[in-house]
Amino acid sequence: MHCMSFELSAEHEQFRRTVRDFAQREIAPHAAQWDRDHHFPVDVVHKMGELGLMGLTAPEEYGGAGLTGEDGAFTSLCLAIEEIGRVDQSMGITLEAAVGLGINPILTFGTDEQKQTWLPDLVSGAKLAGFGLTEPGAGSDASATKTRAELVNGDWVVNGAKQFITNSGSEITSVVTVTARTGERDGGKPELSTIMLPAGTPGFTAEKAYDKLGWHASDTHPLSFADAHVPEANLLGQRGRGYAQFLATLDDGRVAISALAVGCIQACLDLSLQYAGERTTFGVPIGRKQGVAFQIADLETMLHASRLLTYRAAAMKDSMSDASTDGGGSAMKDFKQAAAVAKLYTTESAVTATRIATQVFGGYGFMEEYPVARFYRDAKVLEIGEGTSEVQRMLIARGLGLPVE
Ligand SMILES: Cc1cc2nc3c(=O)[nH]c(=O)nc-3n(C[C@H](O)[C@H](O)[C@H](O)COP(=O)(O)OP(=O)(O)OC[C@H]3O[C@@H](n4cnc5c(N)ncnc54)[C@H](O)[C@@H]3O)c2cc1C
């Protein structure tokens, strides 16, 4: 085992308190209203940027914090996502996607020029970027991508469609990175590459926002590309490395989603604990009844296990990020497994936790008057986005050496 150290430092705990105060002050009082109105609060994105949350893993030259793995940069990001997600899952995913899917691929694979062009505004929270992998016919099976990009007279001409893309059509979205077929390999397999499409490119349309079960205050759109022209220099990373690049992006993203799930479980525990002390039946608080108290004990147990899995995986990421990682080393293999295990366990626990919390609240749990109803609706997608539970089980089984399809 490469990394057994996942204790949070005093600095990390201090940072957690800072984000918690911010979330309590700027987000918690409005979360229910934004959810009801399906309102994407752009000003909160700016404020999260001003607090430095978008730049936790970015170098100073782009306006970031300049933290390294040794400082626990990725762990800090997970803490921020957990604390924001504890009051509002929509804003939690907005931060997660802004950094994990928006900034991270550009930071990791971009040229100096691409980084200078896009990162300062993304890191400051003035703008948002999205990452479009999923298509109507390609989700878990992302290699089935049909979107095409063809080089014609020094321009990429992009045609096709993406769906369910977070932060892709807000009024402050500056660019969306998409995977596209750029050719065919020997043997007929598609050559996939990633191309950056600036918002406003003629032929690139972010369609009407989805009507979702949850995450009502987060920005999610279908995208369409009809002869959208961008310069050849908008290729992100190497041509033909699109598949490998998004796999790497998703590994980190899975740990960040786990942090969002931890925030959800923590919220369920906080709300249930308080309610169990206040609500009385048969002359005593419901927390006196084992049937209720034991369920809350289960929430506490899930919370501890989820938090440990998440921050252990985050610590593994931080311990790798200063060394050169070629993607094939054993530390990387351990990290990928830890990320999949964390994603699977924490997100399924979050769904269970919201079911328990809603039950503790009885009829009120079904009313939008209490936040548990919102968390109940928001939790489900955690088991779906950035790789479904089934995909995580497949990865974990393969990591064990099983020849699973
Ligand atoms: C709100 C929201 C935001 C999102 N944001 C983004 C984003 O920003 N960028 C982006 O690219 N995508 C995004 N997604 C897409 C998300 O990642 C996909 O929905 C997800 O990966 C599943 O793909 P799919 O919907 O095509 O389902 P499918 O792949 O069609 O899966 C359907 C079912 O079959 C199961 N299944 C599929 N293959 C297997 C298998 N081999 N073995 C066992 N079971 C299998 C799945 O687990 C699932 O239960 C978002 C989705 C949502 C809902």
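How much space lies in the largest pocket? In this predicted model, the answer is about 1,400 Å³. The pocket is lined by 45 residues, and those closest to its centre are Leu 250, Gly 385, Glu 386, Gly 387 and Thr 388.

Several elements of secondary structure take part in this lining. Helix H5 (89–109), strand E3, helix H7 (242–278), helix H9 (330–360) and helix H11 each contribute at least two residues to the lining of the largest pocket. Of these, H7 gives the largest share, with seven residues. By class, the lining comprises 22 nonpolar, twelve polar and eleven charged residues.

It is here that the ligand is found: the ligand sits in the largest pocket. Its shell is made up of 19 residues, the closest being Thr 134, Ser 140, Phe 164, Thr 388 and Glu 390. Thr 388 thus appears among the residues closest to the ligand and also among those closest to the centre of the pocket. Strand E1 (128–132), strand E3 (155–166) and helix H11 (389–399) each provide at least two residues of the shell around the ligand, and the largest share, three residues, comes from E3. Both E3 and H11 therefore serve twice, as each supplies at least two residues to the shell and at least two to the pocket lining, by the DSSP assignment of helices and strands. The shell itself divides into nine nonpolar, eight polar and two charged residues.

What, then, do the polar atoms of the ligand meet at close range? An oxygen atom of the ligand lies 2.9 Å from a polar backbone atom of Leu 133, while a ligand nitrogen atom is 2.7 Å from a polar backbone atom of Phe 164. At Glu 390 the partner belongs to the side chain, where an N or O atom is 2.6 Å from an oxygen atom of the ligand. Taken alone, the ligand exposes 980 Å², and the protein buries 64% of that area.

Technical notes:
Residues numbered from 1 in each chain as written. Predicted model: local features only at pLDDT ≥ 70, side-chain atom pairs only at ≥ 80, totals over all residues. Heavy atoms only, no water. Near = heavy atom within 4 Å. Polar contact = N/O pair within 3.5 Å; in protein donor to acceptor, adjacent residues only side chain to side chain. Areas by Shrake-Rupley, 256 points an atom, 1.4 Å probe, with all protein chains shown as cover. 1 Å grid on protein atoms, 1.4 Å probe; cavity = no way out; pocket = protein on both sides within 12 Å on 5 of 7 lines; lining within 4 Å. Sits in = over half its atoms within 2 Å of the grid points. Helix = DSSP H or I, 4+ residues; strand = E, 2+ residues; numbered from the N terminus. Nonpolar A, V, L, I, M, F, W, Y, C, P; charged D, E, K, R; others polar. Points joined across faces, edges and corners; volume = space filled by probe spheres on them.
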